[in-house]
Amino acid sequence: MPKTIFLLLSMLLLCVGCAGTALTSRVVQEESSWFVRLDSYHNTGSSPARYEHPATWTVEEISAIFSRLLLEDRVGLLDSSRPPRPVFSVEEIGLLAPAIRHSFQQAKPNEWISFCLSQLNTPGLAVTSGGIFVADSRLHVVVANHHASIAGGTEELASIRTNPFHSVRGSGGVLTFESPRFVMGTQANWSAGHRASASELTLDHRAFLSFLKLAGATPASVRAVGSSVPALSSETGASDPNRAIIRLQEEVERLKKQVAEQEAEIIRLKRSVDHSPRSTPDP
């Protein structure tokens, strides 16, 4: 009897804990095939602010970042690597960017921005979902599902719509950025507590946007639909000169760093030779 009471009390405490961290949502924009909203955990007690919200963005800035988000396939040691693929199409960015801008303006410090997109895909839906927030002066982007094939009206689809961080079969790759120098880190995101993890990218967005301004680039430039990361030679045409300038400047900085490292290694080797013991010649 005491053991039964103990089990009942444990289950009761567990339920209370789950109820205390229920997900609450405020819809910013919702259509039949997509939505953007503000999510937070509703706790019975007061919780400290976690995110740097509200925040001010322009549609062009969000579009510039979203057009450079990529998914890199996980491959084994014997597998050949494939080029990363864009996370969002031009049409998807056109839908999300204005709604995300408004969401950042309305967000409270304990709220993050969630999104979910779906399109018809035989035999069901192709679903992309995740979220975005600012913490520690860095932009965090989470992709939980990317073009995941989900049957309409199923529990899987309902779970994703309830929590867009809920990953059904994983994100489909590691989230990365076209300009790796601005990536602060990537990690698995298990916040939805499912069997698969989402992919989270931490981006130095301030440095990236400052770099665009210094390079005289247009933040609104968006990658063509379905294209993979273009090579440098394909970006030097007149179709997108600003992006070509950015890539060239990054290449110059990379080469400068490589030269500096080689010079430092030469100096180290010279010092090693100068201080090496010399054998005394025989008389």
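Leaving aside its neighbours within four places in sequence, which residues is Trp57 in contact with? The views below start there and then move outwards, and every one of them shows a predicted model.

**View 1. Trp57 and the residues around it.**
Welcome to a good starting point: Trp57, in the loop between β2 (34–42) and α2. With neighbours within four places in sequence set aside, Trp57 touches Ile62, Ile65, Arg101, Phe104, Val134, Leu139, His205 and Leu209. Trp57 has a relative accessible area of 6%, so Trp57 counts as buried. You can also look for Ile100, which is 43 residues away from Trp57 along the chain, while the C-alpha atoms of the two are separated by 8.9 Å.

**View 2. Helix α2 packing with helix α3.**
Here are helix α2, residues 59–66, and helix α3, residues 90–106. Their axes lie 9 Å apart, and the helices pack at an angle of about 130 degrees. The two helices are therefore oblique to each other, and their crossing is right-handed. On the α2 side, the contact is made by Val59, Ile62, Ser63 and Phe66. On the α3 side, look for Ile93, Leu96, Ala97, Pro98, Ile100 and Arg101. Sorted by type, the residues of this contact are eight nonpolar, one polar and one charged.

**View 3. Helix α2 meeting helix α5.**
Staying with α2, we now turn to helix α5, residues 205–214. The axes of α2 and α5 come within 11 Å and cross at roughly 105 degrees. This pair is therefore roughly perpendicular. Glu61, Ala64 and Ile65 of α2 make the contact with His205, Phe208, Leu209 and Leu212 of α5. The residues of this contact divide into five nonpolar, one polar and one charged. Some names here may be familiar from the first view: Ile65, His205 and Leu209 are among the residues in contact with Trp57.

**View 4. A salt bridge between Glu111 and Arg26.**
Across the whole structure, a search finds six salt bridges. In the one shown here, the side chains of Glu111 and Arg26 meet at 2.7 Å, N to O. Glu111 sits in the loop between α3 and β5 (112–121) and Arg26 in strand β1 (residues 22–30), so this pair ties together parts 85 residues apart in sequence. Are the two partners buried or partly exposed? Glu111 is buried, at 4% relative accessible area, whereas Arg26 is partly exposed, at 32% relative accessibility.

**View 5. A salt bridge between Arg161 and Glu30.**
Strand β1 takes part again, this time through Glu30. The closest N and O atoms of Arg161 and Glu30 are 3.2 Å apart. Because Arg161 belongs to helix α4 (residues 155–162) and Glu30 to strand β1, the pair ties together parts that are 131 residues apart in sequence. Arg161 is partly exposed, with 30% relative accessibility, and Glu30 is partly exposed too, with a relative accessible area of 43%.

**View 6. A salt bridge between Arg85 and Asp73.**
To finish, find Arg85 and Asp73, whose closest N and O atoms are 2.5 Å apart. Arg85 lies in strand β4 (residues 85–86) and Asp73 in the loop between β3 (69–72) and β4, so their salt bridge ties together parts that are twelve residues apart in sequence. At 28% relative accessibility, Arg85 is partly exposed.

Note on methods. Residues numbered from 1 in each chain as written. Predicted model: local features only at pLDDT ≥ 70, side-chain atom pairs only at ≥ 80, totals over all residues. Heavy atoms only, no water. Axes fitted to C-alpha atoms, helices over the stretch in contact; angles between N-to-C directions. Helix = DSSP H or I, 4+ residues; strand = E, 2+ residues; numbered from the N terminus. Parallel < 35°, antiparallel > 145°, perpendicular 65-115°, else oblique. Left-handed = near helix turned anticlockwise from the far one by under 90°. Contact = heavy atoms within 4.5 Å. Nonpolar A, V, L, I, M, F, W, Y, C, P; charged D, E, K, R; others polar. Salt bridge = Lys/Arg side-chain N within 4 Å of Asp/Glu carboxyl O. Buried < 20%, exposed > 50% of the residue type's maximum accessible area, 1.4 Å probe, protein only.
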